[in-house]
Amino acid sequence: MRKILVILNKESVVPKRLSECSAVVVDIFLATTTINTLLAHDIEPVYAVENAEVALQVRHLLSGNTLVFGESFGYAIDDFIYPDPTLITAQIGATQAIICSTNGTKAIQKAKNAAQLYISSLANGHAVAKALHEEQSERPIVIIASGNDGSFSLEDCIGAGQIIAHLLKLGDYILSDAAYAAQSIYESVKAQNFEPLTHTETVQLLKRFNMDDAVPFVIDTIESMDFSTIYKDGQISIQRKEDLQ
């Protein structure tokens with residue numbers, strides 16, 4: 001029986017331990033929500049990089065219409081689009097995107113050598129769970145709740161719990177203590193129509209920067225994207241049949 005583990009911040013990730021695991025990165029406010037929204041608008045692939053410097057290096061190497069998103073500790077970066085998913089609908093016509101962030105994209109970089117790496121948000125966590133369940137493998141599942149610069153993040157824990165709740169509907173799994181806690185928190189927040197999401201520390205930060213339009217967007221789009229998303233060879237894209245492992 002497969003085991004599900006949850007890591008409660010990216011700083012606790014030991015990359016070499018993921019090489020024989022299926023990993024999932026969750027950063028609800030905002031990186032993984034923005035990534036999945038880009039893909040939902042046919043902007044693919046998405047390159048998730050560690051910081052603005054690397055983002056500009058990657059942009060220099062790419063041809064075509066490329067969007068560059070980024071923030072640093074909540075602050076906007078000059079000449080970058082803020083990684084707010086509500087801004088994406090106005091960007092039709094782009095063929096690909098690059099994103100850097102304080103937590104989510106760094107978590108992706110730390111997890112990139114996992115046997116299989118998924119990118120999950122509340123919009124598609126149900127689809128990620130289905131993809132994990134359908135894997136032809138007994139690999140452990142490690143869900144990385146990116147956190148807030150080393151601290152626990154309630155919204156990312158909820159995102160981890162969503163995946164676990166759906167996996168438990170599909171089959172039997174062994175849960176670590178953190179996985180059990182995440183699933184319990186998710187069920188409690190779901191019963192409250194996700195209202196606790198509006199009170200998280202990250203939301204207060206977004207409000208200070210007048211960037212909180214994404215909060216209702218995240219809640220309104222819960223489980224609205226019926227695709228799983230994977231990181232492969234440096235690119236994030238919608239998972240297709242040939243990507244199944």
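I took buried to mean under 20% relative accessible area, exposed over 50%, and partly exposed in between. I note at the outset that the model is predicted.

**Entry 1. Backbone at Asp 149**

I looked up Asp 149 and found a relative accessible area of 49%, so this residue counts as partly exposed. I placed Asp 149 in the loop that runs between β8 (141–145) and α5 (154–170). Its phi is near 50 degrees, a positive value in a residue other than glycine. I kept in mind that most residues other than glycine have a negative phi, and that most peptide bonds are trans.

**Entry 2. Other positive phi values**

I turned to Asn 210, whose phi is near 55 degrees, again positive in a residue other than glycine. I located Asn 210 in the loop between α7 and α8 (214–220). Its relative accessibility is 66%, and Asn 210 therefore counts as exposed. I also recorded Asn 193, which comes just after α6 and takes a positive phi of about 55 degrees.

**Entry 3. Cis peptide bonds**

I checked omega at Phe 29 and Leu 30, and the bond joining them is cis, with omega about 15 degrees. Leu 30 belongs to the loop between β2 and α1 (31–40). I then found a cis bond from Glu 44 to Pro 45, with omega near 5 degrees. Pro 45 sits in the loop between α1 and β3 (46–49).

**Entry 4. Lys 10 and its surroundings**

Is Lys 10 buried or exposed? I found it buried, because its relative accessibility is 5%. I placed Lys 10 in the loop between β1 (3–7) and β2 (22–26). I listed its contacts beyond four places in sequence: Thr 102, Asn 103, Lys 106, Ala 107, Lys 110, Ile 144, Ala 145, Ser 146, Asp 149 and Gly 150. Asp 149, the residue with the positive phi, is thus among the residues that Lys 10 touches.

**Entry 5. Helix α3**

I examined helix α3 (residues 104–111), where six of the eight residues are buried, so the helix is largely enclosed by the rest of the structure. I wrote down the buried residues as Gly 104, Thr 105, Ala 107, Ile 108, Gln 109 and Ala 111. Ala 107 also appears in my list of contacts of Lys 10.

**Entry 6. Helix α6**

I followed α6 over its 15 residues and noted a reach of 21 Å from first C-alpha to last, close to the 21 Å expected at 1.5 Å a residue. I identified its buried residues as Ala 179, Ala 182, Gln 183, Tyr 186 and Val 189. They cover an arc of only 130 degrees around the axis, which puts them on the same side of α6. I asked which elements the buried residues of α6 pack against. I found β1, α5 and β9 (174–175). On the face turned away from the buried side, I recorded the exposed residues Asp 177, Tyr 180 and Ala 191.

**Entry 7. Glu 195**

I moved on to Glu 195, in the loop between α6 (177–191) and α7 (201–208). With 39% relative accessibility, Glu 195 counts as partly exposed. I noted that its C-alpha atom is 8.6 Å from that of Ile 219, a residue 24 positions apart from Glu 195 along the chain.

**Entry 8. The largest pocket**

I inspected the largest pocket and recorded a volume of about 360 Å³. I found 21 residues in its lining, with Phe 73, Asn 103, Asn 148, Thr 202 and Leu 205 nearest the centre. Asn 103 is also one of the contacts of Lys 10. Which element gives the most to the lining? I found that α7 does, with six residues. By class, I recorded eight nonpolar, eight polar and five charged residues in the lining.

**Entry 9. Ser 237 and Val 54**

I placed Ser 237 in strand β11 (residues 235–238). Its relative accessibility of 18% is why Ser 237 counts as buried. Leaving aside neighbours within four places in sequence, I found Ser 237 in contact with Leu 39, Glu 44, Ser 228, Thr 229 and Ile 230. Glu 44 is the residue from which the cis bond to Pro 45 runs.

I closed with Val 54, in helix α2 (residues 52–61). Val 54 has a relative accessible area of 28% and is therefore partly exposed. I noted that Val 54 and Gly 70 are 16 residues apart in sequence and 11 Å apart in space, C-alpha to C-alpha.

Note on methods:
Residues numbered from 1 in each chain as written. Predicted model: local features only at pLDDT ≥ 70, side-chain atom pairs only at ≥ 80, totals over all residues. Heavy atoms only, no water. Helix = DSSP H or I, 4+ residues; strand = E, 2+ residues; numbered from the N terminus. Buried < 20%, exposed > 50% of the residue type's maximum accessible area, 1.4 Å probe, protein only. Contact = heavy atoms within 4.5 Å. 1 Å grid on protein atoms, 1.4 Å probe; cavity = no way out; pocket = protein on both sides within 12 Å on 5 of 7 lines; lining within 4 Å. Points joined across faces, edges and corners; volume = space filled by probe spheres on them. Nonpolar A, V, L, I, M, F, W, Y, C, P; charged D, E, K, R; others polar. Expected span 1.5 Å × (residues − 1). Arc of directions from axis to C-beta.
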